[in-house]
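Colleague: Please take a close look at one part of this model, namely the cysteines and the helix packed around them. I should like the cut-offs stated as you go.

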Amino acid sequence: MTQEEIAERLESKINLPEIRDIVNWAHACSANLESLLEMTRSADTRTSANALWCLTHIQKENTDRLQSRQDNFINMLLAEQHVGKRRMLLQLLREQDYDPENIRTDFLDYCLTKINSECEPYAIRAFSIYCAFKMCRFYPELVTELKQHLDMLELQPLSPGLRSALNTTRKNISRLRSN
């Protein structure tokens, strides 16, 4: 497949087998992955959303290349209005590691505000919990602040996925405190 063929596919509705084909194409060489990353910035909402959807299926051997784009993903997330794209960006960011010396406070604030925002979809709230924990775990005072947000969350109706994120994060906080 050529880059043009991939771009054409991403302009229309795609399904999981097509995503697998695009991911395999992206794994073939670093230039292909770079092209797919560039397509996430397309002015066409469908193209950029489909490119992000494909990135959520990238295999572990390419996560380093995605990790190096962490700031770009965060910048995209903070500016994004499309709910589906925000969810996929958070999904990508959930899988990444965070440097304790270089925590983006704007991203941390974003995640903390989304946790209890009942107008946000459950997936965005759950991914925000996971991302916030990955950043807060290095600092006891931030863990305390995250725990306060989680305490407030418990007072709301929760989906199974949001309840799972809450319980998993509470367990991780308990493990931190026992070490």
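Modeller: A disulfide is counted here when a pair of cysteine sulfur atoms lies within 2.5 Å. The model is predicted: local features need pLDDT of at least 70, side-chain atom pairs count only at pLDDT 80 or more, and totals for chains, interfaces and linings use all residues. Residues are numbered from 1 along each chain as its sequence is written, and side-chain values use heavy atoms, with hydrogens and water left out.

Across the whole structure the search returns zero disulfides. For Cys 111 this is because the closest cysteine sulfur, in Cys 131, is 4.9 Å away, too far for a bond. Cys 119 is likewise in no disulfide, the nearest cysteine sulfur being that of Cys 111 at 15 Å. In accessibility, Cys 111 is buried at 0% relative accessible area, whereas Cys 119 is exposed at 71%. Buried stands for under 20% relative accessible area and exposed for over 50%, with partly exposed in between, using a 1.4 Å probe and protein chains only.

Cys 131 falls within the span of helix α9 (residues 122-136). Helices are DSSP runs of H or I with at least four residues, strands are runs of E with at least two, and both are numbered from the N terminus. From first C-alpha to last, the 15 residues of α9 reach 21 Å, close to the 21 Å expected at 1.5 Å a residue; the expected span is 1.5 Å times one less than the number of residues. Most of α9 is covered, with 13 of its 15 residues buried.

Ser 128 illustrates that covering. This serine belongs to α9 and is buried, with a relative accessible area of 0%. A polar atom of the Ser 128 side chain lies 2.8 Å from the backbone oxygen of Ile 124. Such a polar contact is a pair of N or O atoms within 3.5 Å; within protein, one must be able to donate a hydrogen and the other to accept it, and residues adjacent in sequence count only if both atoms are side-chain atoms. An α-helix has 3.6 residues a turn, so residues three or four places apart point the same way. Not counting residues up to four places away in sequence, Ser 128 touches Leu 90, Cys 111, Lys 114 and Ile 115, where contact means heavy atoms within 4.5 Å.

Arg 86, in helix α7, is also packed against this region. Arg 86 is buried at 9% relative accessible area. Leaving aside neighbours within four places in sequence, the contacts of Arg 86 include Tyr 110, Lys 114, Glu 120 and Ile 124. Lys 114 thus appears among the contacts of Ser 128 and among those of Arg 86.

Helix α7 spans residues 83-94 and is among the elements that cover the buried residues of α4. Another arginine, Arg 94, has its charged end over the ring of Tyr 130, 3.8 Å from the ring centre. A charge sits over a ring if NZ of Lys or CZ of Arg is within 6 Å of the ring centre and within 35 degrees of the ring normal.
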